[in-house]
Amino acid sequence: MLDRIVDWLLPQPNLPEEQAANRTWLQIFILCALGAIAGYLILHFRSGLDIQRVTFLVILAVFLLGMLALLQRGYVRLGIAVLSLANLAALLTAAYIFGGVKSDSYFSVVAALVIIAMFLRRWMAFLCTLLAIAFGGLLVWGEMQGWYVPVQETSSALMTWGNASLVFIIVTVLISAASRTARRAFERNQQEIEDRRKAEAALQEQTRYLIALHETALAIINRLEVGPLLQSILQSALELTNTEHGYVDMYLPERHGFMKQASRGIFSRWPTQFLPEDQGITGEVFRRGASVVIEDYPSWPNRVDLYAGHFHAIAAAPMKVRGEVIGIIGLAYTEPGRTFTPNQVKSLEQFAELAALAADNARLYESARQELAERERVQQALSEAHRQLQTNARTLERRSQLLQVAAEVSRAASAILDPATLSQQVVELVQSRFGLYYVGLFLVDERGEDVILRAATGEAGREMMKAGHKFPIGNSSMVGWCVANRRARIALDVGEDAVRFSNPLLPHTRSELALPLISRGQILGALTIQSTQESAFSDEDIETFQTMSDQLANAIQNARLYEQLEQELEERKRAEMQVRQLNAELEDRVERRTLALKASEERFRALADNNPLRIRRYDREGRYLYANAVSDLPNFEPGQIIGKTIREVLADKPELVEFAERCLAQVFETGQPMQTEYQFGEDSYALWYLAPEFGPDGQVISVVTTTLDISERRRMEDELRARTLELQASNRELESFSYSVSHDLRAPLRALDGFSRILLEDFQDALPENARHYLTRIREATQQMSQLIDDMLRLSRISRTELRRDPVNLSELARQILESLQTQEPERNARIMIQEDLSVQGDAGLLRLALENLLGNAWKFTAKSNPTEIEVGKTFVDGKETFFIRDNGVGFDMAYADKLFGVFQRLHNPSEFPGTGVGLAIVQRVIHRHGGRIWAQSAPGQGATFYFTL
């Protein structure tokens, strides 16, 4: 029941946004009314208020607060109805109690009537206005009759002015906001109407060109004499482009040039001019095989001097038959500044195609007529000419039919403004005119992900539309591909096309043509045209159908704009409400932005005040504009120094004052930030950063500084330097110790090896077999120990050697090392593959040492592989240049890969593969010194690959 009463009083909002706007606007109005009550009480405070007036105002305030709570709970329409009518009743009651029609309360009724006119139905606004007028008249009549005596109030001029000002402000704000929003809506509607008028003018211009092109094509179809035909072609071309100057040049293959066969206007001066095929605009068109437009011919670098100075703009289109240029149609403007439009050029190109067919038809006809004199070729020539004539006639007839349908589509587009009706009429028109199997029109959905069938022919089309037939935009279907690539696609045999979608409702389709619908650069959808014959469409059909599709796309877009305009015109009744909504939202945003800005300023101040850094802001005189609470001065308070200069605050430190003033002056002059350090105590240091603050004119208006106490860092740096010196001394002692130990160890090792060798050589016959075996073992151990010492020294020297950066050819280094290994074992069957030009920047000596160890390991662990395969090359890992050494040796288990580059770590038995276990540690240290990394991949019995970067 309550809902029916509300619907009877005010209209139902169509959009949730409108209801939200109403709620926001009413909340603002209630707050304004509460403010007005407070203002009224303040104005009348000194003059005194009786208890009755105060009671009325309190009840009114409580009522408004109740309305505010009702709106917060979502009862917007109920709140509007109650507030509108209760507000009128309250003001009329106040007028009756507090002075009648002469009181401020009766004058304030205008605010209640404005609210009722904005929200309630129009007849309700008229009824309430009549009620207010009648109520006032009743009070006046009662006063005249004596049965109603109004309260006599003695209000001062100031009070009366204040009460009237509150009412004026409320009414003015409401009416001005509504009128301003309405004006904006009307301006937007006017702009959209103007855009539609321009689009319709462009569409009518294009339709005019198509109709003229169709009529011209019909006029030249039946002409078979070459001379008159070319004159007719030129005349028609001049009429299409609205000019008086033109020519037709025909190609002479035997002379490799063009002869002028027809001319008008300025070109009549050179009726039989011959031009080689590589000169002028005719040669440019012949070379490109496409149209050429020159807007300023006298300044064109390839101009023909004979023509220069006689005309300004020129356009030429090729007359092509079976892909070959047989002639050129050229048109010119002699007026400076006049140029050919894209529509004119496109019409000229289409006309040139038709003219080429007609000219070729006439040439064939003349050739056939001449050949009739030759008896032995009469029958053959007539048959060939007849077939070609029929082909050209069918082509001309089909092109004429296509142009006629395009003209009908243009007329329909101009007359029909409903997109659905227009689309359905066009697909049925195309199907009926060309006897096609099926025609469908797809439009892109709102998300831009699919194309949905919106118009189709036949029973199959109606079923697909009922089922919501659609395709995803992409390469999974002809239509989806066409929309995704914004280009036409033709399937001469649908069984061989990879993106052809097999549709059980269209089982007889043998060829298909998909055309994009593009308007003003926006892809709207696609048109699919299907035939039961294979190869039913040609390239010429694609061009003409595409022209028709472009017209259809423009018409659909215009129809959408018109439909949108109609909807907006129907919503003009709600324009004022929408304007109020926007105004309320703007005011709410301003309020929120103000609060957010205030909160942001408070957060910044809290952040600065609690920052451990000393933050200061200075003007050009060195005066403190801001300071946080952090300071190195005793009893420091920001309020004590704000407004003072540095010289006043640090009067006892003149050197520090001069330093600070000099730095500030430099930042103000240069506008560049600076960073410096200074000492402010015996063991205290600070890092001072100064940054300029620029004003709107780009001038430095202040300098903001931050100061960081770096005393502790200074002490740590001093300690670090002392510790570094100690470590350097320790390293030198360690190096001396290593050299001494290695030198002292070598002498006994050489003695052991030498004496063992002497015993084996001089007393071999006197020694038993076991003794010779033990001596051999002693020699092998001493040699192993000597090699180990050499490797350890080499490993320690890598870190101390100064690294040089020179160009190094890794391919050449690898080739030299592997040739040396091959020389030591010439009987080994080895396949070596080294990629050429592996060039890097690095230390040649260290890189040779690394390659010697890596290639030596590869050679060693492939000893049992036949053939031995070692490859050196380059690849990319995570986009970074990476070198590798791959072999087909015994490999290793990746579970032990973490031990691979450790010193003395071995993954194979020393008796099987000898070594010290230091080589890969040397390689890793060399790679790390070059800023790279090294790793390996392997499996037992499947070889190993070592990767490294530099």
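**Reading the assignments in a predicted model**

Trainee: Which residue follows helix H10, and is its phi positive or negative?

Mentor: Gly 289 comes directly after H10, and its phi is positive, near 75 degrees. The model is predicted, with local features requiring pLDDT of at least 70 and side-chain atom pairs pLDDT 80 or more, whereas totals for chains, interfaces and linings use all residues. Numbering starts from 1 along each chain as its sequence is written, and side-chain values use heavy atoms, with hydrogens and water left out.

Trainee: What makes H10 a helix, and which of its residues are buried?

Mentor: A helix is a DSSP run of H or I with at least four residues, a strand is a run of E with at least two, and both are numbered from the N terminus. H10 spans residues 280–288, and its buried residues are Gly 280, Ile 281, Thr 282, Gly 283, Glu 284 and Val 285. Buried means under 20% relative accessible area, exposed over 50%, and partly exposed in between (1.4 Å probe, protein chains only). The cover over these H10 residues includes strands S1 (245–252), S2 (257–264), S4 (292–294), S5 (313–321) and S6 (324–333).

Trainee: How do you know that Glu 677 and Arg 713 form a salt bridge?

Mentor: The criterion is a side-chain nitrogen of Lys or Arg within 4 Å of a carboxyl oxygen of Asp or Glu. For Glu 677 and Arg 713 the N to O distance is 3.3 Å, and the pair therefore qualifies. Glu 677 belongs to strand S15 (residues 674–679) and Arg 713 to helix H21 (residues 711–762), distant parts of the chain 36 residues apart. The whole structure holds 26 salt bridges.

Trainee: Why is Glu 677 called partly exposed, and what of Arg 713?

Mentor: Glu 677 has 35% relative accessibility, neither under 20% nor over 50%, and so counts as partly exposed. Arg 713, at 38%, counts as partly exposed on the same limits.

Trainee: How far apart do Arg 815 and Glu 812 lie in helix H23?

Mentor: They are three residues apart in H23, which means a separation of about one helical turn. Their side chains meet in a salt bridge at 3.3 Å, N to O. The relative accessible area is 24% for Arg 815 and 36% for Glu 812, and both are therefore partly exposed.

Trainee: What do Arg 886 and Glu 871 tie together?

Mentor: Their salt bridge has an N to O distance of 3.0 Å. Arg 886 lies in strand S22 and Glu 871 in strand S21, so the pair ties together parts 15 residues apart in sequence. Elsewhere, salt bridges with shared partners join Asp 445, Arg 447, Glu 449, Asp 450 and Lys 470 into one network.

Trainee: What makes the largest nonpolar core a core, and which residues touch the most other members?

Mentor: A nonpolar core is a set of buried Ala, Val, Leu, Ile, Met, Phe, Trp, Tyr and Cys residues joined through side-chain atoms within 4.5 Å. Here the set has 37 residues, and Leu 810, Leu 854, Leu 855 and Phe 946 touch the most other members. Elements giving two or more residues include H23 (810–824), H24 (844–861) and H25 (919–929). H24 gives the most, with nine residues.

Trainee: How do H24 and H25 cross?

Mentor: Their axes, lines fitted to C-alpha atoms over the stretch in contact, cross at roughly 145 degrees and come within 9 Å; angles run from 0 to 180 degrees between N-to-C directions. The residues in contact (heavy atoms within 4.5 Å) include Leu 854 of H24 and Leu 920 of H25.

Trainee: Why do S14 and S15 count as edge strands?

Mentor: The open sheet has the order S14-S13-S17-S16-S15 with antiparallel pairing. S14 (624–627) and S15 each have a single partner strand, so one side of each is left without a neighbour in the sheet. The twist averages 25 degrees from one strand to the next.

Trainee: How do you know that S15 and S16 pair?

Mentor: Pairing requires at least two DSSP bridges between the strands. S15 and S16 (residues 685–694) share six bridges, run antiparallel, and therefore count as paired. Among the partners, Thr 676 is bridged to Trp 688 in S16. Helix H20 (residues 654–670) lies across S13, S15, S16 and S17, running at about 35 degrees to S16.
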